[in-house]
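Here is a small set of exercises to work through with the model open beside you. Try each task before you read its solution.

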Amino acid sequence: MDLSIIIPCFNEEDGMAQLESKLMPVVRDLAQTRTVEIVLVDDGSADKTWALMQETFGEFREPNITVRLEKHPRNLGLG
């Protein structure tokens, strides 16, 4: 990977659609000249963040872009 973007998500149910609409145009632009990995981490959310991450990004397939989803069983904080 030339570039990895790691995004922690905690109770982001209401913001997942906006994350996709704002993030992906930038990532697609970056992927024109490099390979990009997006790592979305559900950090112990109590809402539907994980389900929406899977629905929104789980089947994502485009050239030069890899999306990886991770889930923590409880919130681990910023560290």
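A residue is buried if its relative accessible area is under 20%, exposed if over 50%, and partly exposed in between (1.4 Å probe, protein chains only). With that rule, Glu62 at 28% relative accessibility counts as partly exposed. The model is predicted, so local features need pLDDT of at least 70 and side-chain atom pairs count only at pLDDT 80 or more, while totals for chains, interfaces and linings use all residues. Residues are numbered from 1 along each chain as its sequence is written, and side-chain values use heavy atoms, with hydrogens and water left out.

**Exercise 1. Strand S2 and its partners**

Work out which strands pair with S2, and in which sense they run.

Solution.
- Step 1: Start with the vocabulary. Helices (H or I, at least four residues) and strands (E, at least two) are DSSP runs, numbered from the N terminus. Two strands pair if DSSP finds at least two bridges between them.
- Step 2: Look at S1 (residues 3-9) and S2 (residues 36-43). They run parallel and are joined by seven bridges. Within this pairing, Ile7 is opposite Leu40 in S2.
- Step 3: Follow the chain from S1 through helix H1 (residues 16-30) to S2; this β-α-β crossover is right-handed. The term means that, with the strands pointing away from the viewer, the path from the first strand over the helix to the second runs clockwise.
- Step 4: Turn to S3. Eight bridges pair S2 with S3, again in the parallel sense. Val36 has Ile65 in S3 as its bridge partner. The route from S2 through H2 to S3 is a right-handed β-α-β crossover too.

**Exercise 2. The faces of S2**

Decide whether the residues on each face of S2 are buried or exposed.

Solution.
- Step 1: On one side you find Val36, Ile38, Leu40 and Asp42, and these are all buried.
- Step 2: On the other side are Glu37, Val39, Val41 and Asp43, which are all buried as well.
- Step 3: Check the total: eight of the eight residues of S2 are buried.

**Exercise 3. Salt bridges**

Find how many salt bridges the model has, and describe some of them.

Solution.
- Step 1: Begin with the idea. Side chains of opposite charge can pair when their charged atoms come close. The rule asks for a side-chain nitrogen of Lys or Arg within 4 Å of a carboxyl oxygen of Asp or Glu. The count by this rule is four.
- Step 2: Take Arg28 and Glu62, whose side chains form a salt bridge of 2.8 Å, N to O. This pair links distant parts of the chain, with Arg28 in helix H1 and Glu62 in the loop between H2 and S3, 34 residues apart. Arg28 is partly exposed at 31% relative accessible area.
- Step 3: Next comes Asp42 with Lys71, where the closest N and O atoms are 3.5 Å apart. Asp42 is in strand S2 and Lys71 in strand S3, so this salt bridge ties together parts that are 29 residues apart in sequence. Asp42 is buried at 1% relative accessible area, whereas Lys71 is partly exposed at 42%.
- Step 4: Then look at Glu70 and Arg68, which meet in a salt bridge of 3.0 Å, N to O. Glu70 is partly exposed at 32%, and Arg68 is partly exposed at 39%. Through shared partners, salt bridges join Glu37, Arg68 and Glu70 into one network.

**Exercise 4. Asp43**

What does the side chain of Asp43 join in a polar contact?

Solution.
- Step 1: Place the residue: Asp43 is part of strand S2.
- Step 2: Look for a salt bridge. Asp43 is buried and has none, and the nearest side chain of opposite charge, Arg74, is 7.7 Å away. For this search, Lys and Arg count as positive and Asp and Glu as negative, while His and the chain ends are not counted.
- Step 3: Look for a polar contact (a pair of N or O atoms within 3.5 Å; within protein, one must be able to donate a hydrogen and the other to accept it, and residues adjacent in sequence count only if both atoms are side-chain atoms). The side chains of Asp43 and His72 make one of 2.8 Å.
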